[in-house]
Amino acid sequence: FKARIIVDNLYNVFRSESSVSKYVVSDSSNYIIEQIRDSADQVIDTVFHYVSDSLVVAKNSTHLHRNLLQGNLILQYDPTRWLTLTSQSSLGKVTDNTKITSDIISSERSDQHRSLINFFATVNTNKTRSLSLSPFIGFQYESWDYKRNKYVTENTQTYHYESRQEYTEKYWLTGVHLGVKDILFGNFNFRKDVSSKIPASVQQPGHSASLAFIFSDAFGWSSSTFSFGKIRGSIGRMYEDKYFGNYLVRVPENVLEIGTDLSFARERIGVTLNYFNDREQHNNKAFIPSTGYYAGSTYDVNLTERGYELIMTATPIKAKRLEYKTTLLWTSTKTTVGEGSSFSYGLDKPTPGWTSSLLNQVTWKNFALNFLVDARKGGTFYSYAGSHDGFPVLDRYDGTQIKLRDLTIGYRFPISILKYVKIKQAYVSTSARNMVLLYSSSGKDVEELYSIAQKSMSMNLSLLF
């Protein structure tokens, strides 16, 4: 039995510089336009840039105040040695208050309520010592209620806009785990998603299969120098809901991943290398609520995303009361547009040439200190810089930068104290996020050009009964 409650309070003030006024994209628009002009101010090209999320940007300043309250309850029960039942329920509320100060004063309050419940059953069988078979089945239901009130003051007149959106999402999941002599493992999953925003006729099931082989144990290669070695691969077909313009689409995606996991020096050094190849195809299935389907070919998509991911972990210090662990993550991704694609899908090159993260974790007695540094190389971002002939003109920025992403300090209460209140584990922490930009080739935080890079402080309390 586990319970967790999260209380998060965020207050952010973002001020636009006079040279970089940003463009507000309305809820009904999902693209921005750039006109490329020659020295004679003649239009030589027009580029549409797709935006996945609406921008919340101000002419002079934007103030954002957010409150999050969320509770989770996790239950696990083993009625027999061969059956495991688990369930999770969650209730959450997010309240955003945003005020934009410019020639027109705009204030907005949105309340989002979310509830979730799921249930899973796993059958644990061991027919022989060398073979294990564990089928499972599960179900999850999630509901959302989103209310929005917006007030716009212009020339002493105040206008009120109110909207509300409710929808549900649920899925069924079934599959089987297979193990052979603890060196060969296979998994097969079948999942059916149903969203109230999309008709059932276009909601297809997804599936995935994976295979892993622990060659260090199979060939007896484990030693104090080389501790562990595994190779693995997985394939699958998934579906994701995305917006193309104003149309909601369920996009199929074929996923392939091959990788290896290695560890050395009694597992104090670890190396993981992954290769992934995801192909996304979509033809003529944009969903319009009023009609059900969109029959044109404007939104044909054929994209392939492939790349490499390297993860390196090390534990330079491991003593009785002090431990220091560091993790380096490096990823390089390339997206290409295939034949038959008639929609750019927002390929305005925001994707960097590579990204990297360095996570450092220090524990001393019951105290913990974690800090995460992110870096990215390349990628192009845009900001609204004015208009010409009724069209917005955009400034272009290079996305190379380094940022102190997260700083967390935590404390785990000793068991000698918890035994008096009948709690097995208790952990409290405070975090600061997006507080320091260490380096930027453009002199600006490129994340603020597409959305507010939220500088936040949060508190977390975890209890295990």
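**A guided reading of the predicted chain**

E267 is exposed, with a relative accessible area of 58%. This residue sits in the loop that joins β13 to β14 (269–282). Its backbone is notable in that E267 is not a glycine, but has a positive phi, near 65°. Most residues other than glycine have a negative phi. A second residue of this kind is K181, which also is not a glycine and has a positive phi of about 55°. K181 belongs to the loop between β9 and β10. K181 counts as exposed because its relative accessibility is 58%, and the cut-off for that class is over 50%.

These details come from a predicted model, and the confidence of the prediction should be considered before going further. The mean pLDDT of the protein chain is 76, with 69% of the residues at 70 or more. Among the elements of the chain, confidence reaches its highest mean, 94, in β11, and its lowest, 39, in strand β3 (residues 43–50). Residues 12–60 have a pLDDT that stays under 50; in the model this stretch has 120 contacts beyond four places in sequence. Residues 343–349 are also below 50 in pLDDT, and the model gives this stretch 23 contacts beyond near neighbours in sequence.

The overall architecture can now be described. The protein chain contains two helices and 23 strands. Of its 465 residues, 34% are buried. The chain exposes about 27000 Å², of which carbon and sulfur atoms supply 57%. Considering contacts between residues at least 6 apart in sequence, 61% join residues that are at least 24 apart.

Strand β5 (residues 83–101) offers two residues to examine, and one of them is S90. Is S90 buried or exposed? S90 counts as buried because its relative accessibility is 3%, and the limit for buried residues is under 20%. Beyond its neighbours within four places in sequence, S90 is in contact with Q70, G71 and N72, and also with R114, S115 and L116.

L85 is found in strand β5 as well. With a relative accessible area of 23%, L85 is partly exposed. Residues up to four places away in sequence aside, L85 touches L75, Q76, Y77 and P79, together with F119, F120 and A121. L85 and T122 are 37 residues apart in sequence, yet their C-alpha atoms are 6.6 Å apart in space.

The next subject is the second largest pocket, which holds about 540 Å³ of space. Its lining consists of 27 residues, and those closest to the pocket centre are R191, D193, G206, M238 and Y239. Which elements give two or more residues to this lining? They are β8 (131–154), β9 (157–180), β10 (184–195), β11 (206–213), β12 (226–244) and β13 (247–264). β12 gives the most, with eight residues. In chemical character, the lining of the second largest pocket divides into nine nonpolar, nine polar and nine charged residues.

The pocket also leads back to features described above. β11, which contributes to the lining, is the element with the highest mean confidence. The loop that holds K181 lies between β9 and β10, and both of these strands give two or more residues to the lining. E267 lies in the loop between β13 and β14, and β13 is likewise among the contributing elements.

Technical notes
Residues numbered from 1 in each chain as written. Predicted model: local features only at pLDDT ≥ 70, side-chain atom pairs only at ≥ 80, totals over all residues. Heavy atoms only, no water. 1 Å grid on protein atoms, 1.4 Å probe; cavity = no way out; pocket = protein on both sides within 12 Å on 5 of 7 lines; lining within 4 Å. Points joined across faces, edges and corners; volume = space filled by probe spheres on them. Helix = DSSP H or I, 4+ residues; strand = E, 2+ residues; numbered from the N terminus. Nonpolar A, V, L, I, M, F, W, Y, C, P; charged D, E, K, R; others polar. pLDDT = per-residue confidence, 0-100. Contact = heavy atoms within 4.5 Å. Buried < 20%, exposed > 50% of the residue type's maximum accessible area, 1.4 Å probe, protein only. Areas by Shrake-Rupley, 256 points an atom, 1.4 Å probe, with all protein chains shown as cover.
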